[in-house]
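Here is a friendly walk through one chain, from its overall make-up to a few of its parts. Have a look at the fold first, and then read on.

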Amino acid sequence: MDKQIMVSVVCNVYNHEKYLPQALDGFVAQKTNFPFEVLVHDDASTDSSAEIIREYEKQYPHIIKPIYQSENQYSKGIRITPIYQFPRIQGKYVAICEGDDCWTDPLKLQKQFDFMEANPDYSLCACSTKWQNLKTGVVENRGRTNNDIDLTLEDLIMNRRDRFFQTASVFIKADVFMQMPAWRSKFPVGDLPLAILAGLNGKVHMLADQMCIYHYYAENSWTICKDNDDARSRIAARMIEGYNALNEATDYQYNDIITKRIKVSKYTHALMTHDLKTLLSDELRDIYQSRSLVFRLSDVVRCKFPKIYNSLLKPLARKVKSQHVD
């Protein structure tokens, strides 16, 4: 009799041919004492992604379990993971890795599985992650913690670990992963509400081991498609909507934290819409004052002279943020 699948890996793919072999290699290299499956969903890629998946499916039919769409589902407004991935999950736990990210440690699943099995009061276990800027090729040491740590619900709501806690590092209880409260769908992103959901259902842990690479500025990725002020202002508006829905759904138990986080999104919205009056308003003054002098000046320039900011200051700001390299 076949052993029960213990971990289901969810991997959504769209035009990831440049990065997909690295992701699939990371999956099949995993060394575990339990069976796991990789649920690949190709959303009618127009490059060679489907052909690459088929090659791995032939070699590892007991691991790689794909769906090949003939028409792109995302463009129709269909939510890929709940509709196509949830029904296929067999594991007690779910790990996530998009087709343009990858795992670098063959013991990743085993380490996270062992932690979760030994600590049933935890709903999610993440790990340290390297960031790679695909525009420059630079590998940044931003996504890490020096020691194993627990993340509080306040950490998750405030998104304090956004440079640490990446989707490719997530290892979560399947019954938590598949919960779809209405507030979750209000957010414009999937990873943040998932982390908050985990925090509402148990403890959240992060291993110091650096076992993933998060690729940003990959072709067709979120970081490329949303890398402009208009898109980011819309995202900020939907973040406010998501947090308001979360606040209502939790009967305002975390109102102080959520209100504080909403102000951050309001600040981002004002910045992206070049609304200097709102940026400097009494409501957002504490956020403005908490930023360094350099960033305060940068924010004012961004609002008053967006073209100058985008051509001169934005590239410089990114360079500064990328200084933590291996």
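Let us begin with contacts: among those in the chain between residues at least 6 apart in sequence, 76% join residues at least 24 apart. Please keep in mind that this is a predicted model. The secondary structure of the chain comprises 14 helices and ten strands. Of the 326 residues in the chain, 50% are buried. The accessible surface comes to about 15800 Å², and carbon and sulfur atoms account for 52% of that area.

**Strand β2 and its partners**

A good place to zoom in is strand β2, residues 36-42. Seven of its seven residues are buried, so the strand is largely enclosed by the rest of the structure. In a regular strand the side chains alternate between the two faces of the sheet. Here, Phe-36, Val-38, Val-40 and Asp-42 point one way from β2, while Glu-37, Leu-39 and His-41 point the other way, and all are buried.

Which strands pair with β2? Strand β1 does so in the parallel sense, and strand β3 also runs parallel to β2. The table sets out the two pairings.

| Pair | Residues of the partner strand | Bridges | Bridge partners |
|---|---|---|---|
| β1 and β2 | β1: residues 7-13 | seven bridges | Asn-12 and His-41 |
| β2 and β3 | β3: residues 64-68 | five bridges | His-41 and Ile-67 |

His-41 thus appears in both rows, with Asn-12 as a bridge partner and Ile-67 as another.

The connections can be followed as well. From β1 the chain crosses through helix α1 (residues 20-28) to β2, in a right-handed β-α-β crossover. A right-handed β-α-β unit is also made by β2, helix α2 (residues 49-59) and β3.

**Ser-49**

Is Ser-49, a residue of helix α2, buried or exposed? Ser-49 is buried: its relative accessible area is 0%, and the cut-off for a buried residue is under 20%. Leaving out residues up to four places away in sequence, Ser-49 touches Val-13, Asn-15, His-16, Glu-17, Leu-20 and Asp-42.

**Two nonpolar cores**

In soluble globular proteins, nonpolar side chains tend to be buried together. The largest nonpolar core in this model has 39 residues, and those touching the most other members are Phe-165, Ile-172, Phe-177, Ile-196 and Tyr-243. Beyond its neighbours within four places in sequence, Tyr-243 is in contact with Ile-157, Phe-187, Leu-192, Ile-196, Ile-258, Arg-261 and Ile-262. Another core, of 35 residues, lies apart from the largest one and includes Phe-27, Phe-36, Tyr-93 and Leu-109.

How values were computed
Residues numbered from 1 in each chain as written. Predicted model: local features only at pLDDT ≥ 70, side-chain atom pairs only at ≥ 80, totals over all residues. Heavy atoms only, no water. Helix = DSSP H or I, 4+ residues; strand = E, 2+ residues; numbered from the N terminus. Buried < 20%, exposed > 50% of the residue type's maximum accessible area, 1.4 Å probe, protein only. Contact = heavy atoms within 4.5 Å. Areas by Shrake-Rupley, 256 points an atom, 1.4 Å probe, with all protein chains shown as cover. Pairing = 2+ DSSP bridges. Right-handed = clockwise from strand over helix to strand, strands pointing away. Core = buried A, V, L, I, M, F, W, Y, C linked by side-chain atoms within 4.5 Å.
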